[in-house]
Amino acid sequence: VCKIVEGQRYSKRLNERRITALLKVTCQRPQEMEKDIMQTVRHNAYYEDPFAKEFGIKISDKLAQVEARILPAPWLKYSESVREKACLLQVGQWNMMNKKMVNGGIVNNWMCFNFSRNVQYSVARGFCYEHAQMCHISGMTFNTEPILPPYTARPDHVERALKTRYSEAMTKLKGKELDLLIVILPDNSGSLYGDLKCICEAELGLVSQCCLTKHVFKMSKQYLGQCRPKDKCEGVYRLSDDRPTIIFGADVTHPHPGEDSIPSIAAVVASQDWPEVTKYAQAHRQELIQDLFKVWQNPVRGTVTGGM
């Protein structure tokens, strides 16, 4: 009989419940995380470890100190037609209540999918209406009526349901573009979110905004204010600073644990059209990082390189 000692390392992908539990433990404020680390160090008494002493290893009971600087947060400028015309970011975030975008996006044609069996048709329709109203208040041009009524489908039929409904919408639009898909997901959606995003972005070229069931029932104004479509539909903020400014964003997506043959994917975007800071230079569906480093021929200087 084989007995496995508890506390073994698990290198495969965790399920939804374990991921949620892990995030609750790891997503802490810096002060709380520092306190937990110090308690762990004192409890384990690394400085008294006999194996460390045997190899001449000394482990400090204090955190390492690194010199750093905190960049001042930029002021964001909003529409002149509202009371709060500017906002200073606080701890990396801001609230859109009582604010209006300078140049709001336009959503003329949209539809709603409901994959949650707990959300009835009337609730889904009411949520979509409130969502459209909040987008309108925030400065967007948002049609309050969907191109088709909200459609309820089972999560295991996501691909067939999406493609069938999308085809019906495009037939009705007669060549016009479908701007947005609002999707209501179960609170424990598993792989549904990833499957849906893959179909919308990789196959249909469709902007989607996903909302969990618990938020649909609460329907708080703060959530609706933050739940606007973040892609081409949203709109524009401005930096109030007069100095030309560019904002870079970079991220690396790694494969699931245990996947050795799939490479990590890096991406970099940068704002353009200063002082508007929500238009980005990366093209739609472009996997390669554009112009991060490029080479061209100059008639006078010959071969010239540029980029980051």
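A residue counts as buried when its relative accessible area is under 20%, as exposed when that value is over 50%, and as partly exposed in between. Keep this in mind as we walk through the structure, which is a predicted model.

## The whole chain

Let us begin with the overall picture. The chain contains 8 helices and 15 strands. It has 308 residues, and 29% of them count as buried. If you take the contacts in the chain with a separation of 6 or more, 61% of them join residues that are 24 or more positions apart.

## Sorting some residues by exposure

Here are six residues to look up in the structure. The table gives the relative accessible area and the class for each one.

| Residue | Relative accessible area | Class |
|---|---|---|
| V216 | 0% | buried |
| N114 | 1% | buried |
| A45 | 18% | buried |
| Q28 | 27% | partly exposed |
| I59 | 36% | partly exposed |
| K174 | 74% | exposed |

Try the reasoning yourself with K174: its relative accessible area is 74%, and the cut-off for exposed is over 50%, so K174 is exposed. A45, at 18%, is buried because the cut-off for that class is under 20%.

## Two residues with a positive phi

Now for a detail of the backbone. Most residues other than glycine have a negative phi. A45 is not a glycine, yet its phi is positive, at about 50°. You will find A45 following helix α2, in the loop that leads from α2 to α3 (50–54).

K174 is also not a glycine, and its phi is positive at about 55°. Its place is the loop between α5 and β8 (180–185). Of this pair, A45 is buried, whereas K174 is exposed.

## Around helix α2

Does the length of helix α2 come out shorter than, longer than or in agreement with what 1.5 Å a residue predicts? The helix covers residues 30–44, which makes 15 residues. The expected span is 1.5 Å times one less than the number of residues, so 21 Å is expected for α2, and the C-alpha atoms at its ends are indeed 21 Å apart.

Ahead of this helix, Q28 sits in the loop between α1 (16–26) and α2. Once neighbours within four places in sequence are left aside, Q28 is in contact with M33 and D36. With D36 there is a polar contact between the two side chains, at 2.6 Å.

Further along, I59 belongs to the loop between α3 and β1 (75–77). Which residues does I59 contact, leaving aside its neighbours within four places in sequence? They are Y46 and Y47. Along the chain, I59 and Y46 are 13 residues apart, and their C-alpha atoms are separated by 6.2 Å.

## N114 and V216, two buried residues

N114 is part of strand β5 (residues 110–114). With a relative accessible area of 1%, N114 is buried. What does its side chain reach? One partner is the backbone oxygen of V119, at 2.8 Å. Another is the backbone nitrogen of S116, which lies 3.0 Å from a polar atom of the N114 side chain. Setting aside neighbours within four places in sequence, the contacts of N114 are V119, Y151, T152, A153 and I184.

V216 lies in helix α7 (residues 213–218), and its relative accessibility of 0% makes it buried. Not counting residues up to four places away in sequence, V216 touches V119, V123, F127, I184 and C211. V123 is a good one to trace: V216 and V123 are 93 residues apart in sequence, but 7.9 Å apart in space from C-alpha to C-alpha. V119 and I184 appear among the contacts of N114 and also among those of V216.

## Where two helices cross

Finally, look at helix α5 (residues 158–173) and helix α6 (residues 192–204), whose axes come within 10 Å and cross at roughly 40°. The crossing is right-handed. On the α5 side, the contact is made by V158, E159, L162, K163 and Y166, and on the α6 side by L192, L196, I199, C200, E203 and L204. Sorted by class, this contact has 8 nonpolar residues, 3 charged residues and no polar ones.

How values were computed: Residues are numbered from 1 along each chain as its sequence is written. This is a predicted model: local features need pLDDT of at least 70, side-chain atom pairs count only at pLDDT 80 or more; totals for chains, interfaces and linings use all residues. Side-chain values use heavy atoms; hydrogens and water are left out. Helices (H or I, at least four residues) and strands (E, at least two) are DSSP runs, numbered from the N terminus. Buried means under 20% relative accessible area, exposed over 50%, partly exposed in between (1.4 Å probe, protein chains only). A polar contact is a pair of N or O atoms within 3.5 Å; within protein, one must be able to donate a hydrogen and the other to accept it, and residues adjacent in sequence count only if both atoms are side-chain atoms. Contact means heavy atoms within 4.5 Å. Axes are lines fitted to C-alpha atoms, for helices over the stretch in contact, and angles run from 0 to 180 degrees between N-to-C directions. A crossing is left-handed if the near helix is turned anticlockwise from the far one by less than a right angle, and right-handed if clockwise. Ala, Val, Leu, Ile, Met, Phe, Trp, Tyr, Cys and Pro count as nonpolar, Asp, Glu, Lys and Arg as charged, and the others, Gly among them, as polar.
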